[in-house]
Amino acid sequence: MDPLNVMIVDDSRLVTKIVVGSLVQLKHRVVAIAPTGAAAIAAYPTYMPDVVLMDITMPDMDGIAATEAIIKAYPDARIIIITSHGDENIIARAMKAGAKGFIRKPFSVEKLQRALEDVVKAELVPAKTHPTAIRRA
């Protein structure tokens with residue numbers, strides 16, 4: 001897979017540091033880091049990342065609302081939720097909002113790579129033959 005331009009959206013500096021390290025190890029580029037959902041919405045049109053890695057729980061606006069807003073403005077946006085939530089209802093809400101996949105924290109570099117590959121591959125395969133691109137990591 002070619003290197004991707006990725007925006008990270010997470011209010012935790014520790015998580016952001018781990019995600020940046022994983023992306024660098026995988027040879028992807030971090031083009032933006034947003035600490036809040038509102039900051040992600042504002043930054044998206046400037047950076048137009050290939051993929052957004054979005055946390056759910058943030059102080060000003062949760063990742064589900066931010067995902068919904070980004071997808072509304074940019075329907076082709078590829079957003080992967082990264083969450084520690086195990087609640088299937090929350091994950092289902094994120095997918096309904098437009099997320100293309102999710103990864104549970106803590107995650108391995110390999111799981112992150114598979115999630116990125118799945119989101120990229122999903123656009124290359126017609127929906128009729130590939131009904132879901134979601135991989136549960």
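Trainee: Which residue stands opposite Thr83?

Mentor: Arg104 in E5 stands opposite Thr83. This is a predicted model, and everything below is computed from it.

Trainee: What makes strand E4 and E5 a pair?

Mentor: The number of bridges. Strand E4, residues 79-83, and E5 are joined in the parallel sense over 4 bridges. At least two bridges are needed for two strands to pair, so E4 and E5 qualify.

Trainee: How do you know that E1 and E2 pair?

Mentor: By the bridges again: E1 and E2 have 5 of them, in the parallel sense, and the requirement is at least two. Val6 stands opposite Val30 in E2.

Trainee: What is the order of the strands in the sheet?

Mentor: The order is E2-E1-E3-E4-E5, in an open sheet of 5 strands with parallel pairing.

Trainee: Why are E2 and E5 said to stand at the edges?

Mentor: Strand E2 (29-34) and strand E5 (101-104) each have a single partner strand, so one side of each is left without a neighbour in the sheet. From one strand to the next the twist averages 20 degrees.

Trainee: Which helix packs on the sheet and touches strand E1, E2 and strand E3?

Mentor: Helix H2, residues 37-47, touches strand E1 (5-9), E2 and strand E3 (51-54). The direction of H2 makes about 165 degrees with that of E1. Angles over 145 degrees count as roughly antiparallel, so H2 is roughly antiparallel to E1. Helix H4, residues 88-97, also packs on the sheet, where H4 touches E4 and E5. The direction of H4 makes about 145 degrees with that of E5.

Trainee: What makes E1 mostly covered?

Mentor: Of its 5 residues, 4 are buried. In the protein, which has 137 residues, buried residues make up 45%.

Trainee: Why is H1 called roughly perpendicular to H5?

Mentor: Helix H1 (residues 13-25) and helix H5 (residues 109-122) pack at an angle of about 70 degrees, and their axes are 10 Å apart. The range for roughly perpendicular is 65 to 115 degrees, so H1 falls in that class relative to H5.

Trainee: Which residues of H1 and H5 meet?

Mentor: Ser22, Leu23 and Gln25 in H1 meet Val109, Leu112 and Leu116 in H5. The residues of this contact divide into 4 nonpolar, 2 polar and no charged.

Trainee: Is Gln113 buried or exposed?

Mentor: Gln113, found in helix H5, has a relative accessible area of 17%. Buried means under 20%, so Gln113 is buried. Leaving aside neighbours within four places in sequence, Gln113 is in contact with Met1, Leu26 and His28.

Trainee: Why is the aromatic pair of Tyr44 and Tyr74 called tilted or stacked?

Mentor: Tilted. The centres lie 5.0 Å apart, with 40 degrees between the planes. The distance is within the 6.5 Å limit, and the angle is neither under 30 nor over 60 degrees, so the pair is tilted. The structure holds 1 aromatic pair.

Trainee: Which parts does the pair of Tyr44 and Tyr74 tie together?

Mentor: Tyr44 lies in helix H2 and Tyr74 in the loop between helix H3 (63-73) and E4, so the parts tied together are 30 residues apart in sequence. At 4% relative accessibility Tyr44 is under the 20% limit and counts as buried. Tyr74 has 28%, between 20% and 50%, and is therefore partly exposed.

Trainee: What is the peptide bond from Lys105 to Pro106, cis or trans?

Mentor: That bond, from Lys105 to Pro106, is cis, with omega near -15 degrees. Most peptide bonds are trans. Pro106 lies in the loop between E5 and H5, and Lys105 is found in the loop between E5 and H5 as well.

Trainee: How do you know whether Lys105 is buried or exposed?

Mentor: The relative accessible area of Lys105 is 23%. That lies between 20% and 50%, so Lys105 is partly exposed. Not counting residues up to four places away in sequence, Lys105 touches Asp10, Val15, Asp55, Ile82, Thr83 and Ser84.

Trainee: What is the phi of Lys27?

Mentor: Lys27 has a positive phi of about 70 degrees although it is not a glycine. Most residues other than glycine have a negative phi. Lys27 sits in the loop between H1 and E2; at 60%, over the 50% limit, Lys27 is exposed. Met48, in the loop between H2 and E3, has a positive phi of about 40 degrees and is not a glycine either. At 44% relative accessibility Met48 is not over 50%, so Met48 counts as partly exposed.

Technical notes: Residues are numbered from 1 along each chain as its sequence is written. This is a predicted model: local features need pLDDT of at least 70, side-chain atom pairs count only at pLDDT 80 or more; totals for chains, interfaces and linings use all residues. Side-chain values use heavy atoms; hydrogens and water are left out. Helices (H or I, at least four residues) and strands (E, at least two) are DSSP runs, numbered from the N terminus. Axes are lines fitted to C-alpha atoms, for helices over the stretch in contact, and angles run from 0 to 180 degrees between N-to-C directions. Contact means heavy atoms within 4.5 Å. Angles under 35 degrees count as roughly parallel, over 145 as roughly antiparallel, 65 to 115 as roughly perpendicular and the rest as oblique. Ala, Val, Leu, Ile, Met, Phe, Trp, Tyr, Cys and Pro count as nonpolar, Asp, Glu, Lys and Arg as charged, and the others, Gly among them, as polar. Buried means under 20% relative accessible area, exposed over 50%, partly exposed in between (1.4 Å probe, protein chains only). Rings of Phe, Tyr and Trp (its six-membered ring) pair if their centres lie within 6.5 Å; planes under 30 degrees apart count as stacked, over 60 as edge-to-face and the rest as tilted.
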